[in-house]
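Biologist: Please take a close look at a single part of this model, and then set that part against the rest of the chain.

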Amino acid sequence: MAEVYNWQLGRNMEYPYEEHHSKRQFAAVFNTNRCIACQTCSMACKSTWTFSEGQEYMWWNNVESKPYGGYPANWDSKILSQLAEADPDGQKWSEDGTFDGKTIFEAAPKNERVLGYLPTNAEWRTPNLYEDTSTKYKSSGKLGLADGGAELPAHKAWFFYLQRICNHCSYPACAAACPRNAIYKRPEDGIVLIDQERCRGYRKCMEACPYKKPMYNAQSRVSEKCIGCYPRVEGSDPLTNGHPMETRCMTACVGQIRLQGLVDLNEDGSWKEDRHNPLYHMVKVAKVALPLYPQFGTEPNIYYIPPRWVPREYLTQMFGPGVEEAINAYRAPSRELLAVMQLFRRSQEIVFRYEIEEGPKAYETKVRGEKFTMYNDTVIAYRENGEEIFRTEVEEPVIVRPPERSNAI
Ligand code: SF4
Ligand code: SF4
């Protein structure tokens with residue numbers, strides 16, 4: 001095994017291949033607080049990529065109700081249990097944010113490159129089991145039934161929606177485990193692909209990926225996975241006149257919870273400082289968005305704004321030690337973050353840079369005892385070549401329906 005640096009763990013870790021990074025990285029931020037589980041993203045993906053024979057069970061994008069739902073069933077609790085067994089009492093983070101436990105590479109059994117398991121057919125049967133099912137209220141003991149009110153910061157009974165696609169990881173477990181070297185990371189954008197000619201369907205990728213995102217096609221007898229809608233990201237879709245465009249699941253999002261882009265990488269894989277890239281701002285400056293199960297060690301590139309009503313212990317296990325800071329940043333956003341959040345889903349094009357024009361004070365209030373002021377700033381989104389894509393304001397415009405149209409749809 002080689003030694004590679006994983007910035008999400010704050011330390012070096014073992015990985016089967018030498019450290020090598022793409023020029024840019026496909027990345028996205030999902031705001032779990034706003035998802036309504038309409039599954040439009042899931043359908044947008046399915047109707048684009050997985051509508052053929054052999055792909056019936058494939059949901060490259062899925063949205064599950066946590067804590068009980070999962071596709072395949074129990075994917076996360078199973079790998080967490082395997083890790084806990086391999087490294088009893090070791091799955092902990094230090095005060096300084098370093099992960100002290102073992103990753104799925106470091107906990108691999110002898111003669112294996114990655115710790116994992118192959119889901120059964122039954123586990124793939126029900127993509128949205130336990131939809132909208134909350135935990136029990138301690139006093140009533142009834143699943144999902146409230147016997148009183150609930151209030152922030154953390155509800156006693158809770159659930160939330162977790163949106164999942166392939167994380168196009170910086171250290172992909174799927175690629176690490178493939179005995180045919182059929183899985184590769186594109187040097188131009190870090191999208192992880194399975195070469196359909198080289199794959200022989202051994203399913204080692206399905207076994208190794210802790211997020212269970214590669215799926216076997218029994219018709220073609222090779223494995224498939226999310227391809228990051230790479231033709232769109234490359235800008236080959238005629239809709240945007242050759243400009244890079246976000247994926248189908250992102251652009252279809254009804255709740256406007258998703259923003260995808262590309263971040264520039266240094267040679268060591270760290271993110272190049274790019275102060276006005278919206279993803280850089282949210283992940284590195286505001287620290288409002290966190291990776292999913294960073295302790296697995298694959299350095300996933302989909303970042304989540306954690307749901308603010310969920311017990312922090314659960315969220316810390318899922319998103320790592322930055323949970324409280326991220327929720328605070330979201331609950332009372334800085335002037336800049338609030339403007340950046342307006343960039344979600346105003347266009348199908350990838351926003352490479354933003355600028356903010358300061359506007360007047362809109363109102364003042366208190367958030368958990370602290371003064372909070374909102375300004376009606378204008379945020380302007382730019383293409384890679386510096387052209388403006390759109391501009392939008394923090395305050396949504398109020399449109400009053402004229403009396404003669406009061407009953408019109
Ligand atoms: S999420 Fe899984 S399939 Fe996707 S790159 Fe990471 S390890 Fe590979
Ligand atoms: S389309 Fe958006 S709001 Fe609807 S389920 Fe998907 S992520 Fe959630």
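Modeller: A strand here is a DSSP run of E with at least two residues, and strands are numbered from the N terminus. The model is a predicted one. The part I would pick is L193, which belongs to strand β7, residues 192–194.

Is L193 buried or exposed, or something in between? A residue counts as buried with 20 or more other C-beta atoms within 10 Å of its own, and as exposed with 12 or fewer. L193 has 19 other C-beta atoms within 10 Å, so it is partly exposed. For the chain as a whole, 42% of the 409 residues count as buried.

Setting aside neighbours within four places in sequence, the contacts of L193 are Y184, R186 and I227. Across the chain, taking contacts between residues at least 6 apart in sequence, 62% join residues at least 24 apart.

From L193 one can go on to a ligand site by way of C174. The two residues are separated by 19 places in sequence, and their C-alpha atoms are 9.8 Å apart. C174 is one of the residues that come nearest to ligand 1, together with C166, C169, P172 and C209, out of 14 residues around that ligand. The shell of ligand 1 consists of nine nonpolar, three polar and two charged residues.

The other ligand site can be described in the same terms. Around ligand 2 there are 15 residues, of which C35, C38, C41, C253 and G255 are the closest. Its shell holds 10 nonpolar residues, four polar ones and one charged.

As for the wider setting, the chain contains 10 helices and 17 strands. Four of the strands make up an open sheet of mixed pairing, in the order β10-β3-β12-β11. The edges are taken by β10 (258–264) and β11 (290–291); each has a single partner strand, so one side of each lacks a neighbour in the sheet. Within this sheet, β3 (residues 24–31) and β12 (residues 302–305) run parallel and are joined by four bridges. One of the pairs is V29 with its bridge partner Y303 in β12.

Finally, the overall dimensions. Along the principal axes, the C-alpha atoms occupy a box of roughly 70 × 60 × 45 Å. The radius of gyration is 22 Å, which agrees with the value near 22 Å for a compact globule of 409 residues.

Key
Residues are numbered from 1 along each chain as its sequence is written. Chains are lettered from A and ligands numbered from 1 in the order in which they are written. This is a predicted model: local features need pLDDT of at least 70, side-chain atom pairs count only at pLDDT 80 or more; totals for chains, interfaces and linings use all residues. A residue is near a molecule or strand if its C-beta atom, placed from the backbone, lies within 6 Å of it. Ala, Val, Leu, Ile, Met, Phe, Trp, Tyr, Cys and Pro count as nonpolar, Asp, Glu, Lys and Arg as charged, and the others, Gly among them, as polar. The radius of gyration is taken over C-alpha atoms; the globule rule is 2.2 Å times the number of residues to the power 0.38. Two residues are in contact if their C-beta atoms, placed from the backbone, lie within 7 Å. Two strands pair if DSSP finds at least two bridges between them.
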